[in-house]
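Please look at the sequence and the model below. The text after them goes through a pocket, an annotated stretch and two helices.

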Amino acid sequence: MGIQGLAKLIADIAPGAIREQELKNYFGRKIAIDASMSIYQFLIAVRHDGQVLQTESGETTSHLMGMFYRTIRMVESGIKPVYVFDGKPPDMKSGELAKRNERRSEAEKQLAQAQEAGDSENVERFNKRLVKVTKQHNEECKTLLTLMGIPYLEAPCEAEASCAALVKSGKVYGTATEDMDGLAFGTTILLRRMTASEAKKLPIQEFHLNKILQETGLSQEEFIDLCILLGCDYCETIRGIGPKRAIELIRQHRCIEEVLKHIDGNKYTVPGDWAYSQARSLFLTPDVVNVDDVELKWTEPEEDKLVSFLCEDKGFSEDRIRNGAKKLVRSRQGSTQGRLDDFFKVTGSLTSAKRKEPVVSGSAKKRSRGGSTNAGKSRRGK
């Protein structure tokens, strides 16, 4: 679920925090990708006649097809992806997981009714609602990434939290996910649509946390409280408080404790034993990978093993898989050049750094245009 309504709220109250980019603009960037979210997207989007792709024996392959080709597309654009897989969900997420199971059970009933009525449109819709990323999906994708030479990590808990830790440590540029709770975990840059289908032709949305805090006037702790009021995976919300009212209350009272003191209990329903403080702690101090021990390595793909895994085992076209492997090799050979902004560090804004140039006239102006050899060398050496 992530944070309910956060993306739209940011667009309304902090539009300067969102940029739109093309995939090619991330050349040379290392990106941490929420693996489970990506696999879920592939299971939803990579289909034929509304059905997931399968082997002759009925094994699902949509997730492998999506991860193989989308990862190649990123590598061809000069991106260095690292996938991060979820670990054990926190105990506080059990309520949200139970709700998801209830929604899945309801979707199963609606699917059966649609099938009985011959309603193909609703059959496809309810089939998608039943999509769930399984342990087998994860393990197969890990095998695929290993054979492609793409690194992955297993988070001890939530993948988005470990992605954020990698970003904050400088190991990667940003977190690619559709769930906005990456910002609550403190990722400085969150990228949406990076693993979306090329067919949609949507630009990548880049959310900058520092700009969000600057334009909203909130600290990170206050921003987390805003996210909890909006609705997160770890606790319930106050009934009757929507996004607009939530930001008003946090700006006025600065924390949930003060909000609770000032809201009308008859108008707004506060959950009993509301675990907002525990949710806050989970966002502030999550269980994450030890970034000091993380060493990210991108290696050559193992073409023959890819063919064995995807073609012999999963029924993929051998020509296409070999072509894909060769694209990975070519892209690795052509992506050794670094980004210019990796060599230059920004020390201030252009406005603050601008200085008034001295007036130069006469012979001094001529010297400034021509300059002596030594002077030219001195300037170039700075």
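Four helices each supply at least two residues of the lining of the largest pocket: H2 (35-45), H4 (94-117), H5 (120-129) and H6 (135-148). The model in which this pocket is found is predicted. Among the contributors, H4 gives the largest share of the lining, 7 residues. In total, 33 residues line the pocket, and the space inside is about 1,200 Å³. Nearest the centre of the pocket lie Ser 36, Asp 86, Leu 97, Arg 100 and Val 133. What kinds of residues make up the lining, by class? There are 18 charged residues, 9 nonpolar ones and 6 polar ones.

A record covers one stretch of the chain. In an unreviewed entry, UniProt lists residues 97-124 as a "coiled-coil region". In the model, 93% of this stretch is helix and 0% is strand. The C-alpha atoms at its two ends are 23 Å apart.

Further along the chain is helix H9, which runs over residues 209-216. Which of its residues are buried? They are Leu 209, Ile 212, Leu 213 and Thr 216. Viewed down the axis of H9, these buried residues fall within an arc of 95 degrees, and therefore they line one face of the helix. The face turned away from the buried side carries Asn 210 and Gln 214, which are exposed; here exposed means over 50% relative accessible area, and buried means under 20%. The buried residues of H9 pack against helix H1 (6-13), helix H8 (181-184), strand E9 (204-208), helix H10 (220-230) and helix H11 (243-253). Just after H9 comes Gly 217, with a positive phi of about 75 degrees.

Helix H10, one of the packing partners of H9, can be examined in the same way. Of the 11 residues of H10, 10 are buried, so this helix is largely enclosed by the rest of the structure. The buried residues of H10 are Gln 220, Glu 222, Phe 223, Ile 224, Asp 225, Leu 226, Cys 227, Ile 228, Leu 229 and Leu 230. What covers the buried residues of H10? The cover includes H1, H8, H9 and H11, together with helix H12 (256-262) and helix H13 (276-284). Just after H10, a glycine again has a positive phi: Gly 231, at about 125 degrees.

Notes
Residues are numbered from 1 along each chain as its sequence is written. This is a predicted model: local features need pLDDT of at least 70, side-chain atom pairs count only at pLDDT 80 or more; totals for chains, interfaces and linings use all residues. Side-chain values use heavy atoms; hydrogens and water are left out. On a 1 Å grid over the protein atoms alone, a cavity is a set of points where a 1.4 Å probe fits but cannot get out, and a pocket is an open set with protein on both sides within 12 Å along at least five of seven lines; lining residues have an atom within 4 Å of a point. Grid points are joined across faces, edges and corners, and a volume is the space filled by probe spheres set on the points. Ala, Val, Leu, Ile, Met, Phe, Trp, Tyr, Cys and Pro count as nonpolar, Asp, Glu, Lys and Arg as charged, and the others, Gly among them, as polar. Buried means under 20% relative accessible area, exposed over 50%, partly exposed in between (1.4 Å probe, protein chains only). The arc is that of the directions from the helix axis to the C-beta atoms. Contact means heavy atoms within 4.5 Å. UniProt positions are given in the numbering used here, feature names are shortened, and annotations may be inferred rather than shown by experiment.
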